[in-house]
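Welcome! Take a look at what is shown here, and then we can go through some questions together.

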Amino acid sequence: MGILHDIGKYFLMIKLSFSKSCKKEVLYKQIFKEINDLILDSIQIVSILSFFIGGVVSIQMALNLENPLLSKTLIGYATRQSVILEFAPTFISIIMAGKVGSYITSSIGTMRVTEQIDALEVMGINSLNYLVFPKVIAMLLYPFIITIAMFLGIIGGLLAMTLTGVPSESYIQGIQMDFESYHITYSYIKTLVFAFVLATVPSYHGYYMKGGALDVGKASTRSFYWTSIIIIILNYIVTQLLLA
Amino acid sequence: MIEVKNIYKSFDKTEVLNKIETVFYRGKTNLIIGQSGSGKTVLLKCLLGLYEVNSGEILYDGISSKNMGINEKLEISRQMGMVFQGSALFDSMNVLENIRFPLDMLTEIDENEKNERALKFIERVNLKDAIEKLPSELSGGMQKRVAIARAIVMNPKYLFCDEPNSGLDPKTAIVIDKLIQEITKEYNITTIINSHDMNSVIEIGENIVFLKEGLKIWQGTNKEILKSKNKEVDDFVYSSELLKKLRV
Ligand SMILES: Nc1ncnc2c1ncn2[C@@H]1O[C@H](COP(=O)(O)OP(=O)(O)O)[C@@H](O)[C@H]1O
Ligand SMILES: [Mg+2]
């Protein structure tokens, strides 16, 4: 009952965010601000994480493929597959549920508890359109972040292998092996789904929160909980639909 | 002028406003007073249209809130300004941007004119030296003045203030009260102020509505309230020991 109510309210929120639009110039300005806060400000942490994860993945692949009968190219192949299919889109999105998600929930939640949202409504401004819509649009650039994560993950693997003494030619050969472009398509479809979840679920938790400053922290925690669970479940569903 | 006709408002099962019937006059500082929890904020938010009333009707200079279409509602709400209890300034914007905000969002006038208009109101509330400051860098009294300027920058017909001087020292509180009163006269606005502060009642109470537990108990002016024979009003007015001693 409680969950059904929330789901209904969530979809209603999305509908309202896309209706009764504010002035174009205002929205452009908000979109640029959100691109800065949500996308550009995330590049650094995503880069560091994916570089090292790529390194660790390749080391573990190498450990499991120590059998001299197996070709070393498999390391590159397996690293590429794990990074492109799961680590970049899903793992990074869970991290982003923490970083971007808690930022969104706490900034909108603060506006709620300090009556800034009421102030917008009193002025006759559709506050959902003003606050949520630009975030959804900005997150259309999220695949850009995931591309960086894919690239740096694979480079991280290459570097780790060079340091462990695996010849880089065989790693590079590996990452070019049996390339299926459909996997990339699958990955980017997932990414766009996650982008939408990352923009809207934390907004929902901030927008409809009640209470004072202390509750903003609680709302952020709850927002992370739900955003990550929804991402993991959607990951399963999308994979089932597209790959199984 | 805002006429309130027999309104009821409840949340789920708790009744908050019960059969409120009153009038708020143009060009006057109308006060809604009463203890914390008596329903002042809810009444104000009903007048603002933020809450839907369960029954009854509100007339804005004769225009009824009943059966109002979305566009009519928007039209009326464009004529309202609101000063929130905690000021509700946008914390990522400086003073000028906060005051310009309604102009940016709702009007098509050009940049120069927007700045001119915003500056006129900034001067009116004496904030010329703080134009570039962020809300977090301002004192409580200055934040209130920014909130007042933001509320009147669109030349509203109706101005609502929810406990505008709560959290301020008594001297600043009176400055803010007086400022609101002056603006009300200058622009001939129907101003409605929530308060539980006896200082405001005496200073600017031109038309006072006294609420208790969601009921309107009494209505009158600041001169009348001191001589009211009503027991509940008396309890409220003379709740401070100092006033009791000064009582004649
Ligand atoms: N959104 C709401 N939902 C349920 N009850 C509310 C809501 N807003 C106010 N109330 C209740 O209405 C009563 C009056 O509140 P309020 O108008 O805020 O009082 P005050 O006179 O202090 O401004 C209180 O008992 C409060 O608990
Ligand atoms: Mg109140």
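**How do we know? Questions about chain B**

Residues 24 or more positions apart account for 65% of the contacts in chain B with a separation of 6 or more, where contact means heavy atoms within 4.5 Å. This is a predicted model in which local features need pLDDT of at least 70, side-chain atom pairs count only at pLDDT 80 or more, and totals for chains, interfaces and linings use all residues. Residues are numbered from 1 along each chain as its sequence is written, chains are lettered from A and ligands numbered from 1 in the order in which they are written, and side-chain values use heavy atoms, leaving out hydrogens and water.

Q: What makes the radius of gyration of chain B agree with a compact globule?
A: The globule rule, over C-alpha atoms, is 2.2 Å times the number of residues to the power 0.38. For 248 residues that is near 18 Å, and chain B has 18 Å, so the two agree.

Q: Why is helix α3 of chain B called largely enclosed?
A: Buried means under 20% relative accessible area (1.4 Å probe, protein chains only). In α3, residues 95-106, 10 of the 12 residues are buried, so the rest of the structure largely encloses this helix. Among them are B:Ile99 and B:Phe101.

Q: What do the buried residues of α3(B) pack against?
A: They pack against α2, α5 and α6 of chain A, together with α4 and α5 of chain B.

Q: How much of chain B counts as buried?
A: Of its 248 residues, 50% do.

How values were computed
Helix = DSSP H or I, 4+ residues; strand = E, 2+ residues; numbered from the N terminus.
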